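User: I am new to protein models and would like to learn how to read one, feature by feature. Could you take me through an example?

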Amino acid sequence: MKAKKPNLSASQIWNMSIGFLGIQMGFALQNGNASRILLNFGADVEELSWFWIVAPLTGMVVQPIVGYFSDKTWTKLGRRRPFFLVGAIIASVGLLLMPNAHLFIKYLPALWVGAGFLMIMDASFNISMEPFRALVADKLNSAQRTQGYAIQTVVIGIGAVIGSWLPYALSNWFDITGSTVGGVASNVVWSFVIGAIILLGTIIWTVSKTSEYTPEEVAKFEDPEESEVLIESSLKSIFVDFKNMPKTMRQLGLVQFFSWFGLFSMWVFATPAIAQHTYGLAATDSSSPLFNEAADWVSVLFGFYNLVSAIYAFALPKIASTFGRKKTHAFSLICGAIGLVSIYFISNPNFLIISMVGIGIAWASILAMPYAILGGAIPPKKMGIYMGIFNFFITIPQIINALVGGPIMKNFFGSQAIYSLVLAGACFVLAAASTALVTDSDEIV
């Protein structure tokens, strides 16, 4: 008979999640500014999704492998924490170098160097991110799991708010303006430097403040029947595990597909969409003062939806315990769809904050509910590998979007990026409908 994992204190849950603040701060800087930086380096708006494809591609490759090895890594730092630390170091280097890609134009065009550093950053975020997801499932029992992912979402939201608002704050509050020799705004460059420092600091905090269960303790938390079939000796087991993934994971795959297809459209095309549709700029304008003003405001908007996400995450455990995780997730996705579509109808940039409320609600749920549902369907010894495999349902829709999003916008939307945001809203509706097909075997209602 398997033992129940002990309850953790609130401070223990917060400590093991604090590293995600730095990860998400870096992730927010990437999401809010990568398109802007690539446009500064000479990319066309229709090409943006192709440059962004490196992010999900690296995630699809890296996360299952990292999950596999983190399941089998037992060191003085545990099995998840070594990956946090290595990922943070590499990500910090990427943050420092991406906006300074012009320094390497002796060897390659700045545009390609910038895309390369985008790949390095995303690979390193992935090295850290899924072991963090697995750590919550490792440490928390079913009663605390939703709370754990909700707290993690709060921390993610705080980090994303800081990362998203930093370029605007440096420009408007500290008068860091102008552009570097490579054409990237100085406030963006300094934002990436600050993000790198905070990323390293928060990861070190979690590594030093969090313990992990030993292999012997982990064995007590699983069914004896499961333990006999869980040990595999090679990376080939990733493909075996993919084939034999739990039914709940397969069902969540459809929900994740539509959710992340929509999110990718928002991240890639929000800056050109709002610059064109709300500020009235031409699709070819990627360097004027008004374009930089629009791009800074998009960063503020991204920060606002992450702030809403952090606040809403506090309420998620209570809402989920009352209405169920599936209904909570479906409702949240519908809110996000309304927020995305409403951008089309708003002409005043300040009122776009209203749209971010719905998007923030959806983002909080996307970061928490699928993992809370999935955690109860995964064997403890395979938590890392299955969390990594689950990432396929995040990366594959982004890769597909990266391949077809630009041509769709060019050939069907007349290079008007705003329609890509409307399409993202439609995807959120489909994701909400797909939750009806999911079996939550560990429901807490």
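Analyst: We will go through helices, buried residues, aromatic rings and nonpolar cores in turn, keeping in mind that this model is predicted.

User: How does the end-to-end distance of helix 2 agree with its number of residues?

Analyst: The general idea is that each residue of a helix adds a fixed rise, so a count of residues gives an expected span; at 1.5 Å a residue, the 22 residues of helix 2 (residues 19–40) should span 32 Å, and the end C-alpha atoms are 31 Å apart, which agrees. Helix 2 nevertheless bends by about 50 degrees at N33, and just after the helix G42 takes a positive phi of about 115 degrees.

User: Where does helix 13 bend, and what span does it reach?

Analyst: Helix 13 (residues 289–323) has 35 residues and reaches 48 Å from first to last C-alpha, close to the 51 Å expected at 1.5 Å a residue. The bend, of about 40 degrees, is at A315, with a proline, P317, following within four residues. After helix 13 comes G324, whose phi is positive, near 95 degrees.

User: Is Q24 buried or exposed?

Analyst: To decide, we compare the relative accessible area with a cut-off, and a residue under 20% counts as buried. Q24, which lies in helix 2, has a relative accessible area of 4% and is therefore buried. Helix 2 as a whole is mostly covered, with 22 of its 22 residues buried. Leaving aside neighbours within four places in sequence, Q24 is in contact with I156, G159, A160 and W363.

User: Why is W165 called partly exposed?

Analyst: Partly exposed is the class between the 20% and 50% cut-offs, and W165 belongs there because its relative accessible area is 30%. W165 lies in helix 7 (residues 142–172), and, sequence neighbours within four places aside, it is in contact with S299, V300, G303, F304 and L307. Distance along the chain and distance in space are separate readings: W165 and L29 are 136 residues apart in sequence, yet 9.0 Å apart from C-alpha to C-alpha. For T271, found in helix 12, the relative accessible area is 4%, so T271 is buried; not counting residues up to four places away in sequence, T271 touches G32, F291, A295 and V298.

User: How many aromatic pairs are there, and what kind of pair do W260 and W363 form?

Analyst: A search of the whole structure finds 16 aromatic pairs. The general idea is to look at the distance between ring centres and then at the angle between planes, where an angle over 60 degrees counts as edge-to-face. The rings of W260 and W363 have centres 5.9 Å apart and planes at 70 degrees, so the pair is edge-to-face. Because W260 lies in helix 12 (residues 247–277) and W363 in helix 15 (residues 352–375), the pair ties together parts that are 103 residues apart in sequence. Both W260 and W363 are buried, and ring pairs link them with F27, F125, W267, F302 and Y305 into a cluster.

User: Which charged ends sit over rings?

Analyst: The charged end of K139 sits over the ring of Y213, 4.6 Å from its centre, while that of K209 sits over the ring of W205, 5.0 Å from its centre.

User: Which residues have the most contacts inside the largest nonpolar core?

Analyst: They are M249 and W267, in a core of 129 residues. Leaving aside neighbours within four places in sequence, M249 is in contact with L374, I378, Y386, I389, F390 and F393. A second, separate core of five residues includes V66, F83, A123 and I127.

Methods. Residues numbered from 1 in each chain as written. Predicted model: local features only at pLDDT ≥ 70, side-chain atom pairs only at ≥ 80, totals over all residues. Heavy atoms only, no water. Helix = DSSP H or I, 4+ residues; strand = E, 2+ residues; numbered from the N terminus. Expected span 1.5 Å × (residues − 1). Bend = angle between axes of the 7 residues up to and from the residue. Buried < 20%, exposed > 50% of the residue type's maximum accessible area, 1.4 Å probe, protein only. Phe/Tyr/Trp six-rings, centres within 6.5 Å; stacked < 30°, edge-to-face > 60°. Lys NZ or Arg CZ within 6 Å of the ring centre and 35° of its normal. Core = buried A, V, L, I, M, F, W, Y, C linked by side-chain atoms within 4.5 Å. Contact = heavy atoms within 4.5 Å.
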